[in-house]
Amino acid sequence: MLHKRLHWVAGALFLLANSAAAQTTYADALFRIQVPAGWQAAKLNNQPDGVSITKGGSYVNAGVGPGQNGNGQSAKELSAGYEKGLGPGCQSLKHADATLAGVPASYLLLSCNDPRAGPLTMSVAIATSHGDVVFFNTGGRAAEYAGDQAAFDAMERSFRLNPDRKSTRLNSSHANIS
């Protein structure tokens, strides 16, 4: 009887170890996020404190825009500005209040039609914290988006701001993937 229990415990520990090893952590000076197995993370070219996480045609862009909220706009105002900047091929499906990295946020769900890629689904979550803009965007082909929703949700839940991020701004170009 004890022998059977030990096999069960060993099997459970093996599964936990493999699931933990299957993901990586992307750590920036200002934030960190868990990257699921099979997804690739790379620093965003146009955002020094951002990451692009991709798998096939699906993506997450997340990060912090240090000092980019100098006007003191609310998350809703920033979200409305983002929505106004969308092209005519996009329509808003949902507006909601949300929480992003423990900070109150504004959330948009969008349906877009790209001439080359076809129908796309995208989401945008924007928050503000200490004069910074915090963002978490998802996107992908509409037909695949629902299948990637669990991965998007897991990444969003793991997205955390570093508590000492104000003191690390000068060295924010450093990112690690472990």
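# Notebook: cysteines, charges and cores

**Entry 1. The disulfide**

I began with Cys-112, which counts as buried at 7% relative accessibility. The model I am reading is predicted, and I keep that in mind for each entry below.

I then looked for the partner of this cysteine. A disulfide joins Cys-112 to Cys-90, with 2.0 Å from S to S. A disulfide is a covalent bond between the sulfur atoms of two cysteines. I noted the torsion about the S-S bond of Cys-90 and Cys-112 as about 115°, so this disulfide is right-handed. Cys-90 sits in strand β6 and Cys-112 in strand β7, so the bond ties together parts that are 22 residues apart in sequence. I checked the cover on the other end as well: Cys-90 is partly exposed, at 24% relative accessibility. The cut-off for buried is under 20%, so Cys-90 at 24% falls outside it and Cys-112 at 7% falls inside it. I searched for further disulfides, and the count for the structure came to 1.

**Entry 2. The strands around it**

How do β6 and β7 pair, and over how many bridges? I found that they pair in the antiparallel sense, over 10 bridges. Next to Cys-90 in sequence is Gln-91, and I found Gln-91 opposite Ser-111 in β7. The two strands form a hairpin with 2 residues between them, and in this hairpin Ala-101 takes a positive phi near 55°.

I followed the chain onward from β7. The strands β7 and β8 also pair in the antiparallel sense, again over 10 bridges. A hairpin of 3 residues joins β7 to β8. I picked out one bridge here: Leu-108 has Val-124 in β8 as its partner.

**Entry 3. The whole chain**

I stepped back to count elements. The protein chain has 3 helices and 11 strands. Written out along the sequence, the pattern reads α-β-β-β-β-β-α-β-β-β-β-α-β-β. The chain has 178 residues, and 39% of them count as buried. I noted its accessible surface as about 10,100 Å², with 56% of that belonging to carbon and sulfur atoms. Among contacts between residues at least 6 apart in sequence, 51% join residues at least 24 apart.

**Entry 4. The nonpolar cores**

Which residues touch the most other members of the largest nonpolar core? I listed Phe-31, Ile-33, Ile-53, Phe-136, Met-155 and Phe-159, out of 27 residues in that core. I then asked where the core comes from. The elements that give two or more residues to it are β2 (31-35), β4 (50-55), β5 (58-65), β7 (103-114), β8 (118-129), β9 (132-141) and α3 (142-158). The largest share, 4 residues, comes from α3.

I took Ile-53 as an example and left aside its neighbours within four places in sequence. Its contacts are then Ile-33, Val-35, Trp-39, Gln-40, Ala-41, Ser-58, Tyr-59, Val-60 and Met-155.

I also found a second core, separate from this one, with 9 residues. Leu-108, Leu-120, Val-124 and Ile-126 are among them. Leu-108 and Val-124 are the bridge partners I noted in Entry 2.

**Entry 5. The salt bridges**

Side chains of opposite charge can pair when their charged atoms come close. How many salt bridges does the structure hold? I counted 3, and took them in order of sequence.

In one of them, the side chains of Asp-28 and Lys-43 meet at 3.4 Å, N to O. This pair links distant parts of the chain, since Asp-28 is in strand β1 (residues 24-28) and Lys-43 is in strand β3 (residues 40-43), 15 residues apart. I checked whether each end is covered. Asp-28 counts as buried, at 5% relative accessibility, whereas Lys-43 is partly exposed, with a relative accessible area of 31%.

Another pairs the side chains of Lys-76 and Asp-97, at 3.3 Å, N to O. Lys-76 lies in helix α2 (residues 75-84) and Asp-97 in strand β6 (residues 90-100), so the salt bridge ties together parts that are 21 residues apart in sequence. Is Asp-97 buried or exposed? With a relative accessible area of 60%, Asp-97 is exposed, because the cut-off for that is over 50%.

The remaining entry is Arg-141 with Glu-144, whose side chains meet at 3.4 Å, N to O. Arg-141 counts as partly exposed at 37% relative accessibility, and Glu-144 is partly exposed too, with a relative accessible area of 34%.

Terms used: Residues numbered from 1 in each chain as written. Predicted model: local features only at pLDDT ≥ 70, side-chain atom pairs only at ≥ 80, totals over all residues. Heavy atoms only, no water. Core = buried A, V, L, I, M, F, W, Y, C linked by side-chain atoms within 4.5 Å. Buried < 20%, exposed > 50% of the residue type's maximum accessible area, 1.4 Å probe, protein only. Contact = heavy atoms within 4.5 Å. Salt bridge = Lys/Arg side-chain N within 4 Å of Asp/Glu carboxyl O. Disulfide = S-S within 2.5 Å. Areas by Shrake-Rupley, 256 points an atom, 1.4 Å probe, with all protein chains shown as cover. Pairing = 2+ DSSP bridges.
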